[in-house]
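Visitor: Could we take a close look at a single part of this model and then follow its surroundings outwards? I'd like cut-offs with the terms, please.

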Amino acid sequence: MEKLLFVCSRNKRRSLTAETIFRDHLGYDVKSCGTNTGARVKITAGLIGWADKIIFMEKRHKELASKSFDDSLAKKQVFVLNIKDVYEYMDSKLVEKLKLKMADLNLII
């Protein structure tokens, strides 16, 4: 089973939406977290170690994670979706954008 970790800032909208919509796909184990101190679930070395692929919502999330976990991230497949923080949790436009971007990257079949 492939393990996907979605990362945004606070783990309340984008990455949580991604976890929600992709967690029931066969063949995938999905978690989400955030880079900010007040995140619902904060990114950790353990989560990075758990994941096969790490999917960041924005380049700045990858940069923030790299400051603390550069060695761990270097060993992982890392992707950036370039989805700005302009959506609410489970917003239909966010769901559509996540599905399209994940399909474009061949990350979800």
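Guide: What follows starts with one helix, α3, and then moves out to what surrounds it. First, the ground rules: the model is predicted, with local features needing pLDDT of at least 70 and side-chain atom pairs counting only at pLDDT 80 or more, while totals for chains, interfaces and linings use all residues. Residues are numbered from 1 along each chain as its sequence is written, and side-chain values use heavy atoms, with hydrogens and water left out.

Helix α3 covers residues 59–74 and spans only 15 Å between its end C-alpha atoms, where a straight helix of 16 residues would span 22 Å at 1.5 Å a residue. Helices here are DSSP runs of H or I with at least four residues, strands are runs of E with at least two, and both are numbered from the N terminus. The expected span is 1.5 Å times one less than the number of residues. Look at Ser68: α3 has a kink of about 100 degrees centred there. That bend is the angle between axes fitted to the seven residues ending at a given residue and the seven starting there.

Now for the inward side. His61, Ala65, Phe69 and Leu73 of α3 are buried, where buried means under 20% relative accessible area, exposed over 50% and partly exposed in between, using a 1.4 Å probe and protein chains only. As a rule, an α-helix has 3.6 residues a turn, so residues three or four places apart point the same way. The buried residues of α3 pack against β1 (2–8), α1 (14–22), α2 (45–50), β3 (53–56) and β4 (77–80).

His61 leads us on to Thr35, in the loop between β2 (28–34) and α2. Thr35 counts as buried because its relative accessible area is 11%. Contact means heavy atoms within 4.5 Å; leaving aside neighbours within four places in sequence, Thr35 is in contact with Val7, Cys8, Ser9, Lys42, Ile43, His61 and Leu64.

Val7 is worth a stop too. This residue lies in strand β1 and is buried, with a relative accessible area of 0%. Val7 touches His61 as well as Thr35, and its other contacts beyond four places in sequence include Cys33, Ile43, Ile55 and Met57. The C-alpha atoms of Val7 and Val41 are separated by 9.8 Å, and the two residues are 34 residues apart along the chain.

How does this fit into the cores? A nonpolar core is a set of buried Ala, Val, Leu, Ile, Met, Phe, Trp, Tyr and Cys residues joined through side-chain atoms within 4.5 Å. The largest has 20 residues, and Leu4, Phe6, Phe22, Ile55, Met57, Leu98 and Met102 have the most contacts inside it. β1, α1, β2 and α4 (92–104) each give two or more residues to this core, with α4 giving the most, four residues. A second, separate core of 13 residues takes in Ala65, along with others including Leu5, Cys33 and Leu47. In general, nonpolar side chains in soluble globular proteins tend to be buried together.

One last oddity sits in the loop between β1 and α1, where you'll find Asn11. Asn11 has a positive phi of about 60 degrees although it is not a glycine. For context, most residues other than glycine have a negative phi. Asn11 is also buried, at a relative accessible area of 0%.
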